[in-house]
Amino acid sequence: MKAFAITRAASEGSNIPFLSEIGLPIPEATGHDLLVEVKAISVNPVDTKVRAGFSGDTPRVLGWDAVGVVKAVGPQVTLFAPGDEVWYAGALGRPGSNSEFQLVDERIVALKPRTLDNASAAALPLTAITAWELLFDRLGVTRGGNEGDTLLIVGAAGGVGSILTQLASKLTRMTVIGTASRPESQQWVRNAGAHHVIDHRQPLTQELARIGIPAVTHVASLNNTDEHYLELIAALAPQGKLALIDDPESLDARPLKLKSISLHWEFMFTRSMFETQDIIAQHQLLTEIATLIDQKTITTTLGEHYGAITAENLRKAHAQLETGRAVGKIVLEGF
């Protein structure tokens, strides 16, 4: 089968050129695995981070978002059958979706939304899982609840921010504030359902005061947490909650003490990486998100379609993500 992999680390500068086409045998489904014929994928920051940190000699197939068709199932599979159209975000420790066929555990897979084409669906799994877990599992927000609370989403125009803004504004009673810095990204966040949009290039407390918000109860910091950290603490009300998904070089928790602010990490690969007892929760939440899409409650976050799944187009997608200016998700479709 055709696949695209990091074939060696870079000797100088970026290692984007070393995303290359290779040939691999089609794997065999065992245990809880589905063998999926991949139809469309999207590219995420985790792809660029794994690529940048690659130092081995064994090719590494990237990709953690896919839509495809089940071709074969392992003997322990009970949720799916050959021919099912599915979507998923995969597992960090296994070969990724930048290949014609991929093995994935059925417990982190769901049937794709019926009303979306493959490209539009491929934009969502990883970011939707991240946003759902961050909002409901980590921050402890309740469906239909939290009236009077205020959620600040830093980086609301990106992949996770785009779907988190929708989930929070449509499924809770919170006031949702998103940050974005350019007119086009600010409009994107408004379209996603944010009640207010502020500019993260300015001090966040100053921007909140400008719109009449003295403090927020919850923060989802999706990028540049170390840059905004003290402002986030200042913006949070006593006993507020701060959740993050990025990778600050260091994070001193002591400034959180006076306000009794709680700190929460979200990493959507935790359940698959450790095969937690509740690993099937990702199947369940992806199923719920598919239903919400088919009911027109939430919509795809597809930003740009880069064409076919090729080494050249994958390199372009990585380069665009690394500018930090991508709006929505970058999707590729077909081999």
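The following dialogue examines how several terms apply to this predicted model.

Visitor: What makes the chain agree with a compact globule?

Guide: A compact globule of 335 residues would have a radius of gyration near 20 Å, and the chain has 20 Å, so the two agree. Along the principal axes, the C-alpha atoms fill a box of roughly 60 × 45 × 35 Å. The chain holds ten helices and 16 strands.

Visitor: How many of the contacts in the chain with a separation of 6 or more join residues 24 or more positions apart?

Guide: Such pairs account for 70% of those contacts. As for burial, 55% of the 335 residues are buried. The chain exposes about 14100 Å², of which carbon and sulfur atoms supply 50%.

Visitor: Why is A121 called buried?

Guide: The term requires a relative accessible area under 20%. A121 has 0% relative accessibility, and therefore counts as buried. A121 belongs to helix α2, residues 118-122. Beyond its neighbours within four places in sequence, A121 is in contact with V67, W87, K112, P113 and L116. The C-alpha atoms of A121 and A40 are 8.4 Å apart in space, while 81 residues separate the two in sequence.

Visitor: Is N98, in the loop between β6 and β7, buried or exposed, and what does it contact?

Guide: N98 has a relative accessible area of 2%, so it is buried. The loop that holds N98 runs between β6 (85-88) and β7 (101-105). Apart from neighbours within four places in sequence, N98 is in contact with A3, F4, I41, D47, V61, L62, G63 and L314.

Visitor: Why is the pairing of R51 and E322 called a salt bridge?

Guide: The criterion is a side-chain nitrogen of Lys or Arg within 4 Å of a carboxyl oxygen of Asp or Glu. For the side chains of R51 and E322 the N to O distance is 2.9 Å, and the pair therefore meets the criterion. R51 lies in helix α1 (residues 45-52) and E322 in helix α10 (residues 311-322), so the salt bridge ties together parts that are 271 residues apart in sequence.

Visitor: Which of the terms buried and partly exposed applies to R51, and which to E322?

Guide: R51 has 2% relative accessibility and so counts as buried. E322 has 42%, and because partly exposed covers values between 20% and 50%, E322 counts as partly exposed.

Visitor: How do you know that R107 and D105 form a salt bridge?

Guide: Their closest N and O atoms are 2.7 Å apart, which is within the 4 Å limit. R107 is buried, with a relative accessible area of 18%, and D105 counts as buried at 12% relative accessibility.

Visitor: What makes R114 and D294 a salt bridge, and which parts does the pair tie together?

Guide: The closest N and O atoms of R114 and D294 are 3.6 Å apart, so the pair satisfies the 4 Å limit. R114 lies in the loop between β8 (109-111) and α2, and D294 in helix α9 (residues 281-294), so the joined parts are 180 residues apart in sequence. R114, at 73% relative accessibility, counts as exposed, whereas D294, at 17%, counts as buried.

Visitor: Which residues are joined into one network by salt bridges that share partners?

Guide: The network consists of E133, D137, R138, E266, R271 and D278. The structure holds 20 salt bridges.

Visitor: How far apart are the mean positions of the positive and negative charges of the chain?

Guide: The mean positions of the 29 positive and 37 negative charges are 4 Å apart.

Key. Residues numbered from 1 in each chain as written. Predicted model: local features only at pLDDT ≥ 70, side-chain atom pairs only at ≥ 80, totals over all residues. Heavy atoms only, no water. Helix = DSSP H or I, 4+ residues; strand = E, 2+ residues; numbered from the N terminus. Rg over C-alpha atoms; globule rule 2.2 N^0.38 Å. Buried < 20%, exposed > 50% of the residue type's maximum accessible area, 1.4 Å probe, protein only. Contact = heavy atoms within 4.5 Å. Areas by Shrake-Rupley, 256 points an atom, 1.4 Å probe, with all protein chains shown as cover. Lys, Arg positive; Asp, Glu negative; His and termini not counted. Charge placed at Lys NZ, Arg CZ, Asp CG, Glu CD.
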